[in-house]
Amino acid sequence: MRVKKPVTGTKQCLIWDREHETMPRPKLEKLQLERLQRTVERCYERVPFYREKMDELGVKPEDIVTLKDVSKLPFTTKYDLRENYPFKMFAEPMERVVRLHASSGTTGKPVVAGYTAKDLDTWAELIARVYTSGGVTNADVVHNAYGYGLFTGGMGFHYGAEKVGATIVPVSGGLTKRQVMLWQDFGASVLCSTPSYALVLAEQAAEMGIDTARDLNLRVGFFGAEPWTLEMKKEIEEKLNIEAFDIYGLTELIGPGVSSECPYHDGLHINEDHFLVETIDPDTGEVLPPGTPGEMVLTSLTKEAFPVLRFRTRDRTIINQETCACGRTTARMMRVTGRTDDMLIIRGVNVFPSQIESVILSVPHLEPQYVIVVDRGSTHMDDLEVLVECSEDLYNKGAEAMKEAQEHLSRELHQVLALNARIKVVGPKTLQRSEGKAKRVVDLRELSH
Ligand code: DLL
């Protein structure tokens with residue numbers, strides 16, 4: 001086994017691509033403009049969908065003279081991508097496309113992403129930036145529990161690890177007990193998984209009597225693919241004795257690697273030499289100034305096979321353009337708190353699942369395992385129910401103690417949401433676990449119409 005490294009938490013800032021990640025902003029913006037112009041030209045010439053949309057708006061590639069001119073371009077939505085399923089958005093012939101991935105669309109057709117060999121190399125570079133910002137080097141063993149397959153998580157994290165020369169363990173999701181055994185046997189120092197699966201792994205380790213500080217080599221983790229609150233991050237860090245980094249990305253843009261945290265954990269650095277970011281008002285489409293909360297819109301600047309103009313991510317965030325203490329000059333996006341289409345409207349009140357998660361984790365002895373069920377009963381009123389697991393300790397104290405926690409959560413939720421929710425505190429390990437993205441919300445209202 002490799003020598004155990006200390007959990008440092010020190011702000012040791014390694015940077016993979018110093019030239020691009022710390023480029024002075026005027027130079028970066030010049031590079032972005034050149035790349036934007038080239039991308040728009042290619043889209044106009046090669047993708048009928050974009051030519052039609054731009055013609056409708058009366059915009060020609062030569063109208064893009066400054067970066068701000070991006071707002072003249074049409075938006076692209078998930079709907080547009082599905083309409084052009086599977087390959088009609090590609091700007092390269094299939095002979096140059098060497099890999100396909102697809103989003104995990106549960107209804108209808110998935111979104112298909114194509115990559116040329118150069119796109120794959122760009123992607124591995126972006127993930128190498130992510131690992132390096134977390135201090136990962138060729139001395140590390142990377143346990144990759146993101147799903148391998150059409151989902152971009154597994155293979156995205158895989159090739160980036162090889163790029164930095166780390167030892168990659170391509171386990172994928174599932175067979176949780178075996179994963180924990182491999183942590184021990186291979187001396188994994190880095191964990192990559194969804195935040196919800198990280199907690200499942202932590203729970204398994206505890207069940208096997210493993211003390212994560214004493215018995216494991218884990219030092220850092222890269223978590224993303226689903227919203228997770230700061231409270232959830234704290235749980236993961238404590239239970240696994242690691243430093244947790246937030247990493248963001250989406251199939252439509254490349255997969256993971258659009259942005260990630262540095263050791264200052266004050267927002268996720270967007271790889272702006274590859275992606276142009278805007279925030280808009282989700283209702284009007286109006287572009288908002290940096291620092292204003294809104295929906296993030298992204299344009300790819302270097303992708304060959306599947307370029308995307310102004311993709312409406314539906315993810316809510318705030319962009320901060322100040323230079324970070326780590327030395328990177330790239331803009332940072334604040335942690336994604338949810339999606340504009342995640343918002344539940346319950347009896348006229350806007351509720352984001354992340355608000356509920358924060359409240360749950362502020363109540364002692366409640367665990368980050370929960371399900372939110374929204375239904376419309378015989379009274380035709382929206383009904384909010386939250387099922388949440390309690391700790392082993394509380395469970396052992398009995399029904400009265402569980403009832404107290406229930407009432408505590410009910411009061412807290414009422415304070416934050418101004419809504420009465422039915423709370424059910426259930427015993428440990430009774431709710432279903434996920435091996436990838438967790439399904440936290442069950443909205444039965446559509447079914448009850
Ligand atoms: O989830 C890519 C990915 C894999 C990212 C592994 C990070 C790690 P999709 O399946 O297309 O791609 O889902 C993209 O997931 O629009 C967000 O709503 C959500 N998401 C991704 N990362 C984060 C994050 C991958 N760090 C959708 N925080 C995005 C919050 C995230 N939400």
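In which loop is Ser-172 found? In this predicted model, Ser-172 belongs to the loop between β4 and α7 (176-186), and its phi is positive, at about 70°, although the residue is not a glycine. A second backbone feature concerns the peptide bond from Tyr-85 to Pro-86, which is cis with omega near -10°; Pro-86 itself sits in the loop between α4 (78-83) and β1 (99-102).

**The sheet**

Strand β4, which precedes the loop of Ser-172, takes part in an open sheet of nine strands, whose order is β4-β3-β5-β6-β7-β8-β9-β15-β14 and whose pairing is mixed. The edges of this sheet are formed by β4 (167-169) and β14 (319-320), each of which pairs on one side only. At the β4 edge, the partner is β3 (residues 141-144), and the two strands run in the parallel sense with three bridges between them. Within this pairing, Val-142 is placed opposite Ile-168 of β4. In general terms, strands of a sheet pair through backbone hydrogen bonds, in either a parallel or an antiparallel manner.

**The two domains**

The domain assignment divides the protein chain into domain 1 (1-337) and domain 2 (344-447), and the C-alpha centres of these domains are 30 Å apart. To their contact, domain 1 contributes 21 residues and domain 2 contributes 16 residues. The area buried between domain 1 and domain 2 is about 1,600 Å², of which 52% lies on carbon and sulfur atoms.

Polar interactions also cross this boundary: nine residue pairs are in polar contact between domain 1 and domain 2, counting pairs with both residues at pLDDT 80 or more, and three salt bridges are counted between the two domains. On the side of domain 1 that touches domain 2, helices α8 (195-207) and α10 (230-240) each provide at least two residues, and the largest share, six residues, is supplied by α8. Sorted by class, that side of domain 1 comprises eight nonpolar, six polar and seven charged residues.

**Salt bridges**

Over the whole model, the count comes to 43 salt bridges. Two of them are set out below with their N to O distances.

| Salt bridge | N to O distance |
|---|---|
| Glu-367 and Lys-239 | 2.8 Å |
| Glu-21 and Arg-328 | 2.9 Å |

For the pair Glu-367 and Lys-239, it is the side chains that meet in the salt bridge. What parts of the chain does the salt bridge of Glu-21 with Arg-328 tie together? Glu-21 lies in helix α1 (residues 18-21), whereas Arg-328 lies in the loop between β14 and β15 (332-333), so this pair ties together parts that are 307 residues apart in sequence. The two strands that flank the loop of Arg-328 also appear in the nine-stranded sheet described above, where β15 and β14 stand next to each other in the order.

How values were computed
Residues are numbered from 1 along each chain as its sequence is written. Side-chain values use heavy atoms; hydrogens and water are left out. Domain bounds come from an automatic or database domain assignment. Contact means heavy atoms within 4.5 Å. Buried area is the accessible area (1.4 Å probe) that two parts lose on being put together, summed over both. A salt bridge is a side-chain nitrogen of Lys or Arg within 4 Å of a carboxyl oxygen of Asp or Glu. A polar contact is a pair of N or O atoms within 3.5 Å; within protein, one must be able to donate a hydrogen and the other to accept it, and residues adjacent in sequence count only if both atoms are side-chain atoms. Helices (H or I, at least four residues) and strands (E, at least two) are DSSP runs, numbered from the N terminus. Ala, Val, Leu, Ile, Met, Phe, Trp, Tyr, Cys and Pro count as nonpolar, Asp, Glu, Lys and Arg as charged, and the others, Gly among them, as polar. Two strands pair if DSSP finds at least two bridges between them.
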